[in-house]
Amino acid sequence: MYKVVIPGDFVSDDVNRAGEGTYVEDGKVYAVTYGVVDDKNEIRVVAFSGKYIPVMGDVVIGKIIEISFPYWIVDIASPYEARLHMSEVAMRAEKRVEFGNMSAYLDFDDLVAVKVINVDAMMRIDLALQEDLDIGSEGRLIEISYTKVPRIIGRKGSMIRMLKEKCKCFIFVAKNGRIWIKGKSEDMKLAFEVILMITTEAHTSGLTDRVAEFLDSSRQKVKKR
Amino acid sequence: MKKGEEIEFIKDGKRLDGRTFDELRNIKIEVGVLERADGSCYLELGDNKVIAAVYGPREMHPRHAQDAKMAVIKFRYNMAPFSVDDRKRPGPDRRSVEISKVSREAFEPVIMREYYPKAAIEVYVEILQSDAGTRTAGINAASVALADAGIPMKDLVSSIAVGKVGGEVVLDLNAVEDNYGEADMPIAMIARKNTITALQMDGRLTKDEFGRGLKLAMNACHQIYELQRTALIERYNKRESVKFEEREA
């Protein structure tokens with residue numbers, strides 16, 4: 001049974017295991033956000049909501065919001081804007097990427113799968129293109145809270161594997177809570193519904209089973225029609 | 001009621017609205033009432049009705065007001081034109097600017113601002129109906145809304161006013177007591193630690209009355225803290241299944 005805590009709640013005496021979402025004061029561990037306690041390895045408070053803060057190595061989906069030579073400024077659903085350097089694209093561009101023609105490669109509102117390669121203390125964020133993922137013109141983007149991402153993925157990827165299989169879609173879940181779906185229109189609709197279901201019931205137990213049930217029943221409905 | 005008219009504030013040890021000296025008005029707290037805000041709270045304190053919305057952390061504008069080391073808190077207290085008897089002229093005025101400032105400072109000790117350098121955390125408190133003590137109601141609502149938005153905080157802030165009417169120190173003044181009473185003292189504090197984060201006083205109290213008032217307010221803040229806490233916890237227990245499955249991945 002997992003415990004819901006609010007900021008300032010006492011969580012544990014074990015200062016050495018204090019992890020994310022906690023703070024230590026006078027030799028005790030307290031919750032720093034509103035969420036649930038997880039004390040499997042380290043003591044963490046898993047927040048119910050909040051904004052995505054980039055961490056080195058995360059793969060996220062970004063949107064180009066500005067072109068400012070030699071960078072593309074990318075919105076990554078975080079309080080901080082990130083930048084993608086011209087040279088990232090130059091490697092696979094046919095012509096030289098120059099001042100004035102950057103929009104020919106990536107234009108405003110284009111979506112990119114990018115990896116966070118550096119975050120400094122001033123929260124300047126550098127990105128690299130994730131080349132194996134081409135989220136171009138096709139498909140659909142869903143935006144959810146980044147706190148729900150582990151739930152969509154499931155334990156060792158169980159949930160996402162099931163989703164991909166049963167919805168017959170290509171699904172890419174980015175760390176910042178943006179989800180890319182590519183597939184047939186009705187398949188995408190089903191995937192969208194299921195993801196919505198997972199986010200609203202993220203805090204409940206036996207979710208994977210319920211999602212499986214939901215998927216099977218909606219599949220049968222489609223067949224009957 | 002005419003000005004200068006004598007009011008009998010205390011009758012048989014009871015106040016005008018039948019409360020005892022140390023009794024709070026009814027408090028109702030609802031969490032997550034706004035779809036678009038990152039966190040929100042609707043709160044009623046007697047006849048006060050306030051709504052608080054929290055956005056962020058998000059990029060701070062204007063840029064020159066950014067703080068390279070920590071997040072900036074923006075707090076806006078605003079009264080709706082229809083919140084009082086005579087229509088209030090809309091927009092910020094001397095009073096609301098002051099209340100916004102003291103409320104913001106009441107939260108500065110608890111919010112983990114250094115987690116989000118250069119960002120802004122925005123709190124909007126709208127007073128829909130006013131009946132004295134709106135700033136305390138606003139702080140209580142903002143506190144819950146901040147938690148709902150997932151803002152990292154050391155603790156919740158609870159707030160209440162004490163005052164003096166008819167020669168007695170009483171808790172949580174209503175509009176009549178506030179307007180015609182002798183003193184009014186709103187207090188915001190971290191209940192769990194008994195740390196005061198905001199204190200203002202209007203009118204006069206003796207040293208002894210101040211001490212008694214403070215004690216009343218501290219007790220009340222503990223009660224309010226419990227209400228804020230239950231409102232937040234209940235929100236997640238309400239949904240059909242209570243148990244949280246083992247966290248995955």
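**Close-up 1. B:N194 is partly exposed, at 39% relative accessibility.** The model shown here and in the other views is predicted. The class follows because partly exposed covers values between 20% and 50%. B:N194 belongs to the loop that runs between β8 (183-190) and β9 (195-199) of chain B. Its side chain makes a polar contact of 3.4 Å with the side chain of B:H222. Once neighbours within four places in sequence are left aside, the contacts of B:N194 are B:M189, B:M218 and B:H222. B:C221 can be located from here too: its C-alpha is 9.1 Å from that of B:N194, with the two positions 27 residues apart in sequence numbering.

**Close-up 2. A salt bridge joins A:E143 and A:R178.** The closest N and O atoms of this pair are 3.5 Å apart. Two strands of chain A are linked: A:E143 sits in β12 (residues 140-143), and A:R178 sits in β14 (residues 178-182). The partners are 35 residues apart, in distant parts of the chain. A:R178 is buried, with a relative accessible area of 4%. That value earns the label because buried means under 20%.

**Close-up 3. B:R19 pairs with B:E177 in a salt bridge.** Here the closest N and O atoms are 3.8 Å apart. B:R19 lies in the segment before β1 (27-31) of chain B, and B:E177 lies in helix α3 (residues 175-180), so the bridge ties together parts 158 residues apart in sequence. B:R19 and B:E177 are both buried.

**Close-up 4. B:R94 and B:E98 form a salt bridge within helix α1 of chain B.** The N to O distance is 3.3 Å. Helix α1 spans residues 94-107, and the two partners are about one helical turn from each other because they are four residues apart in it. How exposed is each partner? B:R94 is exposed, with a relative accessible area of 63%. B:E98 is partly exposed, at 32% relative accessibility.

**Close-up 5. Salt bridges with shared partners build one network in chain B.** Its members are B:R15, B:D17, B:R19, B:R25, B:D131, B:D172 and B:E177. The pair B:R19 and B:E177 from close-up 3 belongs to this network. Side chains of opposite charge can pair when their charged atoms come close. Over all chains, the count comes to 37 salt bridges.

Note on methods: Residues numbered from 1 in each chain as written. Chains lettered and ligands numbered in written order. Predicted model: local features only at pLDDT ≥ 70, side-chain atom pairs only at ≥ 80, totals over all residues. Heavy atoms only, no water. Buried < 20%, exposed > 50% of the residue type's maximum accessible area, 1.4 Å probe, protein only. Contact = heavy atoms within 4.5 Å. Polar contact = N/O pair within 3.5 Å; in protein donor to acceptor, adjacent residues only side chain to side chain. Salt bridge = Lys/Arg side-chain N within 4 Å of Asp/Glu carboxyl O.
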